[in-house]
Amino acid sequence: MRIAAASLLLLLSQPLAAQVNWPQFRGPHGNGHVDSESLPLEWGESKNICWKMEIHDRGWSSPVIWKNQVWLTTATRDGKKMYAVCVDRESGKLIHDFQVFEVASPQRIATENSYATPTSVIDENHVYVHYGTYGTACFERQSGRKIWERRDLNCDHELGAGPASSPMLVDNLFVVNVDGRDFQYVIALDRKTGETVWKTDRSVDFSQVPVNQRKAYGMPALFQVGDQPQLVSNGGKGLYAYAPRTGKEIWRVRHHGFSQAPRPVYGHGLVFTTVDRDNPELWAIRADGKGDVTESHVAWKEKRAMPRRCSPLLIGDQIYLVSRNGVISCLEAQSGKTIWRERVPGSYSASPIYACNLIYLFNDDNITTIIRPGKTLDVVATNRLNRASVMASPAVSGKSLFIRTESHLYRIENRPSP
């Protein structure tokens, strides 16, 4: 485990300079915190837009960025063809656009979902794309040459739902949750070869659980708990912590939820995770347990106006959450006490980011509300782009904000006035 611990400590000790790389969902730290010297406060279709590029077909994967490349995935609306797209970070010009997989008979998905919703991961040499049960592949980042693929990480996403769980990289491993109606497990592949290193089935007893309540759409997160790295992963009916090198379960908490999507965050010795999609709750769980800690390690719960889709944002002693219908909650992280709760316009799917002591909130109608964290709601700015759906969480590179809409990818940065 020393390797995983060293990797995590290196990640967390990166200098607070303008980061260039955005390697995974929610950024380098996986928690929405952005190391940027400056991000724009104001923009519109004719203001502070460096470039705007049309993206063919449909996908809700977030952009991932390494140096000069921005990668994302897309798929035809019928799910029969799936693509990887790469554009130049500076110019927005197309570098790669190729079909990755063809699917003869994809399952029907929800109207709001896409067949390219899972976010890719990227490193210095490779990009890894994932489309749920339909396939996973690794490509050379510069050439686009395929290194390996897997078509056997299968599960039943359920008719009307679809793929959503994103992968992550942990040292030499590619890790992803596979939580369907039929199979529920976490798997780690060798990131160089695609071969299975470990596979761990969920330990909750699903024999008496209805099949539609066995699934989940989240992704794991890596936390350093004392001297022990933990891979924390939320599935149907349970939250689990695993040893990242072996997949051995460290602890678990049983819960009543399923179909949850937000990614857990960690701080103050607590894992903060949402439970359930239809009636979402936020649970704070002490991470120092062993075995089944359901009755002993749940520190507090909050049931009012919790998010179905947006991941939590932990800033110091406060945790910020935005519900599907735009209710922002600011809670004391250690106690769960409500500090304030206010509504902002719109519906929310994309997870917020924290940069330059400001919180950026992105609603489904392409409106961004920027607030200042604190004891009251303090709206700093509101910005609107052309009306187009936004469900992909944004990415940041240097002083630029990258927003993916249903039809376009934007690079937004402060530009000199003409």
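Q: How do the residues lining the second largest cavity divide into nonpolar, polar and charged?

A: Let's start with the general idea. Rolling a probe the size of a water molecule over the atoms shows where empty space is left. In this predicted model, the lining of the second largest cavity consists of nine nonpolar residues, with no polar and no charged ones. You can find them in the structure as Leu313, Tyr320, Leu321, Val322, Ile328, Pro352, Ile359, Leu361 and Ile371. Two elements give two or more residues each to this lining: strand E24 (318–322) and strand E28 (358–362). Strand E24 gives the most, with three residues. The space inside comes to about 40 Å³.

Q: How many cavities of 30 Å³ or more are there, and how much space lies in the largest cavity?

A: The count is two cavities of 30 Å³ or more, and the largest cavity holds about 80 Å³ of space. Its lining has 13 residues, and Cys155, His157, Ser165, Asn177 and Val178 are the closest to its centre. Strand E11 (residues 173–179) gives the most to this lining, with three residues. By class, the lining has six nonpolar residues, six polar ones and one charged residue.

Q: What about pockets: how much space lies in the second largest pocket, and which residues lie nearest its centre?

A: The second largest pocket holds about 750 Å³ of space. Of the 30 residues that line this pocket, Asn113, Thr117, Ala164, Ala261 and Arg309 lie nearest its centre. Its lining is made up of 11 nonpolar, 12 polar and seven charged residues.

Q: Now for the packing of side chains. How many residues does the largest nonpolar core have, and which have the most contacts inside it?

A: The largest nonpolar core has 31 residues. Those with the most contacts inside this core are Trp43, Ile353, Tyr360, Leu401, Leu409 and Ile412. Several strands supply at least two residues each, including E1 (49–54), E3 (69–75), E4 (81–88) and E33 (408–412). Strand E28, which we met at the second largest cavity, is also one of these suppliers. Another core lies apart from this one, with 21 residues, among them Cys86, Val103, Ile122 and Val129.

Q: Which residues is Trp43 in contact with, leaving aside its neighbours within four places in sequence?

A: With those neighbours left aside, Trp43 is in contact with Asn48, Tyr360, Thr368, Ile370, Asn383, Arg384, Leu385, Leu401, Ile403 and Ile412. Try picking out Tyr360, Leu401 and Ile412 in that list, since these three are also among the residues with the most contacts inside the largest core.

Q: Let me try single residues. Is Ala137 buried or exposed, and what does Ala137 touch?

A: Ala137 counts as buried because its relative accessibility is 0%, under the 20% cut-off. Ala137 sits in strand E8 (residues 136–140). Not counting residues up to four places away in sequence, Ala137 touches Val100, Phe101, Val127, Tyr128, Val129, Trp148 and Glu149. From Ala137 to Arg150 there are 13 residues along the sequence, and the C-alpha atoms are 6.3 Å apart in space.

Q: Where is Leu169, and what does Leu169 touch?

A: Leu169 belongs to strand E10 (residues 168–170). Setting aside residues up to four places away in sequence, Leu169 touches Val121, Ile122, Asp123, Tyr128, Phe174 and Arg191. As for distance, Leu169 and Asp227 are 58 residues apart along the chain, with 20 Å between their C-alpha atoms.

Q: Which residues have a positive phi without being glycine?

A: Here is the general idea: most residues other than glycine have a negative phi. Lys237 has a positive phi of about 70° although this residue is not a glycine. Lys237 lies in the loop between strand E15 (228–235) and strand E16 (238–242), and is buried, with a relative accessible area of 12%. Another case is Ala305, with a phi near 55°. Ala305 is in the loop between strand E22 (298–302) and strand E23 (313–315), and counts as partly exposed at 24% relative accessibility.

Q: Finally, how many helices and strands are in the chain?

A: The chain has one helix and 33 strands. Its radius of gyration is 20 Å, close to the 22 Å that the globule rule gives for 418 residues, so the chain is as compact as a globular protein of that length. The C-alpha trace spans about 60 × 50 × 40 Å along its principal axes. Buried residues make up 63% of the chain.

Key: Residues are numbered from 1 along each chain as its sequence is written. Side-chain values use heavy atoms; hydrogens and water are left out. On a 1 Å grid over the protein atoms alone, a cavity is a set of points where a 1.4 Å probe fits but cannot get out, and a pocket is an open set with protein on both sides within 12 Å along at least five of seven lines; lining residues have an atom within 4 Å of a point. Grid points are joined across faces, edges and corners, and a volume is the space filled by probe spheres set on the points. Helices (H or I, at least four residues) and strands (E, at least two) are DSSP runs, numbered from the N terminus. Ala, Val, Leu, Ile, Met, Phe, Trp, Tyr, Cys and Pro count as nonpolar, Asp, Glu, Lys and Arg as charged, and the others, Gly among them, as polar. A nonpolar core is a set of buried Ala, Val, Leu, Ile, Met, Phe, Trp, Tyr and Cys residues joined through side-chain atoms within 4.5 Å. Buried means under 20% relative accessible area, exposed over 50%, partly exposed in between (1.4 Å probe, protein chains only). Contact means heavy atoms within 4.5 Å. The radius of gyration is taken over C-alpha atoms; the globule rule is 2.2 Å times the number of residues to the power 0.38.
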